[in-house]
Amino acid sequence: MVWDPLAGTRVLDLAQPMRRGMPQSPNHPPFRMAIERRHGDVMRPDGGSAANELIVTGGHVGTHVDALAHVSQDGYLHGGVEAGSVQGHLGFTALGIETFGVYVGRAAIFDVARLHGVPSLPPGYEITAADLVACDVSVRPGDAVLIGTGWSRRWDEHDAFVGHRDGVPGPGVEAAEWLLDRGTAIAGGETIAFERIPAGAGHAVLPVHRLLLVERGVHIVETMRLAPLLETGATECLLVLNPLPIVGATGAPVRPLAVLP
């Protein structure tokens, strides 16, 4: 039975599948899963058996949300919180991912790849404010913004997706400031870092992260599987965003859902 308010809607899963060896930032521990107990290892008297697994992962692997505790500048987190005063081996006592409120609201969709007539933007391409203006999509205060680079279409090209040699496309500081000026509350994209990464530069400097997370307190969603959403041609959707509430973590996996009429 379909609940009436959702009748006729489409729900798209915007999360990349999590598996060993998937593309990720080299700055984070990799995802690992192993079957801990196999069927037949322990048998119940009635012949039943159960299998289970052990999962080890960094908080910034796969589709995930960055907490405000993730990035500091000159030793300080968002709001002038001294990083050293709130961090410990068990996590952060402030600004951890568990403080992220569930987001259910409008997402403005900027398909910059479509704007340029390509399935995915070139490696190292910097998205500018002019690109965002040309997409002709409105941003309302409190909106989430999803930036389509087409990069999720390259998920199976491990080295190219990571972009260590050739870089990855993403917004520069100018584009980020344009979004912030319009009241963007959450910023999401398809690459492992929500920024333009030049060829050969790796993740040495991440100015957009500093601007969003530290200066403005805007959470970032990375490694999103936006391709199915971009293919609809939609410029807005209802976004449901609810990362795992891991206390004190600097980020956590998430399975974003886009709801379309």
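Here is a walk through this predicted model, from its nonpolar cores to a surface patch and one buried histidine.

Let's start inside. The largest nonpolar core has 35 residues, and the members that touch the most others are Phe-110, Val-112, Leu-132, Ile-147 and Leu-212. Several elements feed two or more residues into this core: strands E7 (103-111) and E9 (144-148), plus helices H1 (83-86), H2 (112-115), H3 (129-134), H5 (173-181) and H6 (207-215). Take Leu-212 as a way in: looking past its neighbours within four places in sequence, you'll find it in contact with Ala-176, Leu-180, Ala-187, Phe-194, Gly-217, Val-218 and Ile-220. Apart from that core lies another one, made of 25 residues, including Leu-14, Ala-67, Met-224 and Leu-241.

Now hop to the outside. Met-33, Ile-35 and Ile-55 make up a nonpolar surface patch of about 270 Å². Met-33 sits in strand E2 (residues 32-37). Its relative accessible area is 36%, so Met-33 counts as partly exposed, and that value clears the cut-off of over 30% for patch residues.

Finally, have a look at His-64, in strand E4 (residues 64-66). Is His-64 buried or exposed? With a relative accessible area of 0%, His-64 is buried. Its side chain has polar company, though: there's a polar contact with the side chain of Glu-222 at 2.9 Å, and one of 3.5 Å with the side chain of Asp-66. Setting aside residues up to four places away in sequence, His-64 touches Gly-59, the run Ile-220, Val-221, Glu-222 and Thr-223, and also Ala-252, Pro-253 and Val-254. Ile-220 is a residue you've met already, as a contact of Leu-212.

Conventions:
Residues numbered from 1 in each chain as written. Predicted model: local features only at pLDDT ≥ 70, side-chain atom pairs only at ≥ 80, totals over all residues. Heavy atoms only, no water. Core = buried A, V, L, I, M, F, W, Y, C linked by side-chain atoms within 4.5 Å. Buried < 20%, exposed > 50% of the residue type's maximum accessible area, 1.4 Å probe, protein only. Helix = DSSP H or I, 4+ residues; strand = E, 2+ residues; numbered from the N terminus. Contact = heavy atoms within 4.5 Å. Patch = residues over 30% accessible without salt bridge, like charges linked within 9 Å, V, L, I, M, F, W, Y side chains within 5 Å. Areas by Shrake-Rupley, 256 points an atom, 1.4 Å probe, with all protein chains shown as cover. Salt bridge = Lys/Arg side-chain N within 4 Å of Asp/Glu carboxyl O. Polar contact = N/O pair within 3.5 Å; in protein donor to acceptor, adjacent residues only side chain to side chain.
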